[in-house]
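Colleague: Before I use this model, I would like to go through the labels attached to it and hear the reasoning behind each one. Could we take them in turn?

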Amino acid sequence: MSRITVQNIESAPAASRPYLEKAKAKNGFIPNLLGVLANAPTAIETYLTVTEINSRGSFSLAEREVVQITAAVNHRCSFCVAGHTAIAYKQGKLPEDLVEGVRQQTTLPDAKLEALAAFTRALIRSKGAVSEAELAAFKAAGYGEQQVIEVILGVALATLCNFSNVLADTELNPELAAYRWQAQT
């Protein structure tokens, strides 16, 4: 049971309802994450707006999901790992060895995506104070300053939902059960 109320269209504050309605129309269900964020209309608006903005950056869907899953694993957010795994498989059609590598934090089969995951982990671990070597390795993989900032954007977006879910102990929707992930102790 969630520690924070999971709102639905009928129970949510009026300002949150349009966001929940849109999510239900898009997904066929309302992810419990959005039900939690709906308690604060500005939080659900921020999450959905920044998600859309993030999708317009230079990263491919695969790169965005590497950042999102990496952040969720490092923040120990089981809900977001499952949710972004579903996106990676269903929307991104990403290969299993890549997705499972990100989920398990093992070396990825694609060197450029491995550099992205490593940089994301370093950014989170150092709270932005990555070393010169970590920054140089990211750039050597073919990324530039725009992508450095876009990783920060992706981590900021992930932090909102990851911390909300961890705090709320958000229950996984049945629609996401096949993608369940549990943090290693």
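Colleague: Why is there no bond between the sulfur of C77 and the closest cysteine sulfur, in C80?

Modeller: This is a predicted model, so what I say rests on computed positions. The sulfur of C77 lies 3.4 Å from that of C80, its closest cysteine sulfur, whereas a disulfide requires the two sulfur atoms to be within 2.5 Å; the distance is therefore too far for a bond. Seen from the other side, C80 is in no disulfide either, its nearest cysteine sulfur being that of C77, 3.4 Å away. A search of the whole structure likewise finds 0 disulfides.

Colleague: What makes C77 count as buried, and why does C80 count as buried?

Modeller: The cut-off for buried is under 20% relative accessible area. C77 has 1% relative accessibility and therefore counts as buried, and C80, with 4%, counts as buried by that rule too.

Colleague: Why is G83 called buried, and where does G83 lie?

Modeller: G83 has 15% relative accessibility, which is why G83 counts as buried, the limit being under 20%. G83 lies in helix α5, which covers residues 78-90. As for its place relative to V102, the two are 19 residues apart in sequence and 14 Å apart in space, C-alpha to C-alpha.

Colleague: How do you know that the radius of gyration agrees with that of a compact globule?

Modeller: For 185 residues, a compact globule would have a radius of gyration near 16 Å, and the protein has 16 Å, so the value agrees with the expectation. The C-alpha atoms fill a box of roughly 50 × 30 × 30 Å, taken along the principal axes. Buried residues make up 46% of the 185 residues, and of the contacts with a separation of 6 or more, 69% are between residues 24 or more positions apart.

Colleague: What pattern does the protein follow along the sequence, and how many helices and strands does it have?

Modeller: The protein has 9 helices and 0 strands, and, read along the sequence, it follows the pattern α-α-α-α-α-α-α-α-α.

Colleague: What supplies the area that the protein exposes, and how many Å apart are the mean positions of its positive and negative charges?

Modeller: The protein exposes about 9,400 Å², of which carbon and sulfur atoms supply 56%. Its 17 positive and 18 negative charges have mean positions that are 3 Å apart.

How values were computed. Residues are numbered from 1 along each chain as its sequence is written. This is a predicted model: local features need pLDDT of at least 70, side-chain atom pairs count only at pLDDT 80 or more; totals for chains, interfaces and linings use all residues. Side-chain values use heavy atoms; hydrogens and water are left out. Helices (H or I, at least four residues) and strands (E, at least two) are DSSP runs, numbered from the N terminus. The radius of gyration is taken over C-alpha atoms; the globule rule is 2.2 Å times the number of residues to the power 0.38. Buried means under 20% relative accessible area, exposed over 50%, partly exposed in between (1.4 Å probe, protein chains only). Contact means heavy atoms within 4.5 Å. Accessible areas come from the Shrake-Rupley method with a 1.4 Å probe; for residues, only the protein chains shown count as cover. Lys and Arg count as positive and Asp and Glu as negative; His and the chain ends are not counted. The place of a charge is taken as NZ of Lys, CZ of Arg, CG of Asp or CD of Glu.
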